[in-house]
Amino acid sequence: MSVKIRLQRHGKKGKPFFHIVVADARASRDGKFIEKIGTYNPVTNPAVIDLNVDAAVKWLNNGAQPTDTARAILSYKGVLYKKHLLGGVAKGAFDQATADEKFATWLAGKEQQVLGKKDGLSKAKDEAKKAALEAEAKVNQGRLDAAAKIEADAKAEADAKLAEEKAAEDAKIAEAKAAEQAANAPAEEAAEEKTAVETVAETLGGAAAVVAGAIDTVKETVANVTEKLAGSDEATEEGADEAKA
């Protein structure tokens, strides 16, 4: 009977999970199997493989043929290397203790590789997360800047509109004042003319009073002079009469 080591698919759609089985080559892929020797989960990164190495080596030594994917998994877990070491022990190249030591050393190196890959993946994940956060922060800042610009533009537009409205209002007020001044100008001019006439009249009246006073003074002076002259004539006549006597 031809025996194969192969994968048997399980799991949900889009999330495969495989059993590593030893089965008759004539059986269907997901049919009956002879022995389950491990599991393989390719969804995680790195993939998780749980394998019975000794059982896999036993079946390989018994002639079981792995499929390509199964061979890659067996090689990754050191099954092929352990089979090679056991062949060396069987040939007397070295003893079992040396083979076990070599395999333990290989496993330690493999574990370091896996840990290094995990650390690298974790670092890459952190860097990707950091880059995503920075990109998101940049986008958010861009949105804030755009919102601030819109707000500033709206404020500038509102201020310009207010300034325009104030200028229009000031122009209306100035126009109204000009119209009022134009309407009051004739009355003010008439009042000014009346005031000027009254001033001239007062001036003329004062001058007339001064002239009248001067005339009265002259009249009084003339009357006094006339009276004095009349008295002088009477005195002269009296003197002449006395002389005659």
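**Exercise 1. Find the residue of β4 that stands opposite Thr39.**

Solution. Start at Thr39 and look across to β4: Asp50 stands opposite. Keep in mind that this is a predicted model. Next, place β4 in the sequence: the strand covers residues 48-51. Its pairing with β3 is antiparallel and uses 4 bridges. Finally, look at the link. β3 and β4 make a hairpin, with 6 residues between them.

**Exercise 2. Identify the residue that faces Thr39 of β3 from another strand.**

Solution. Go back to Thr39 in β3. His19 stands opposite this residue. Now take strand β2, which spans residues 15-24. β2 and β3 run antiparallel, and 5 bridges join them.

**Exercise 3. Explain why β3 counts as largely enclosed.**

Solution. First, locate the strand: β3 is residues 35-41. Next, apply the cut-off: a buried residue has under 20% relative accessible area. Then count. Of the 7 residues in β3, 5 are buried, so the rest of the structure largely encloses this strand. Set beside that the figure for the protein: buried residues make up 17% of its 245 residues.

**Exercise 4. Describe the order of helices and strands along the sequence.**

Solution. Begin with the totals: 4 helices and 5 strands. Then read along the sequence. The pattern is β-β-β-β-α-β-α-α-α.

**Exercise 5. State what share of the exposed area carbon and sulfur atoms supply.**

Solution. Take the exposed area, about 18100 Å². Carbon and sulfur atoms supply 57% of that area. For contacts, consider those between residues at least 6 apart in sequence: 37% join residues at least 24 apart.

Note on methods:
Residues are numbered from 1 along each chain as its sequence is written. This is a predicted model: local features need pLDDT of at least 70, side-chain atom pairs count only at pLDDT 80 or more; totals for chains, interfaces and linings use all residues. Side-chain values use heavy atoms; hydrogens and water are left out. Helices (H or I, at least four residues) and strands (E, at least two) are DSSP runs, numbered from the N terminus. Buried means under 20% relative accessible area, exposed over 50%, partly exposed in between (1.4 Å probe, protein chains only). Contact means heavy atoms within 4.5 Å. Accessible areas come from the Shrake-Rupley method with a 1.4 Å probe; for residues, only the protein chains shown count as cover. Two strands pair if DSSP finds at least two bridges between them.
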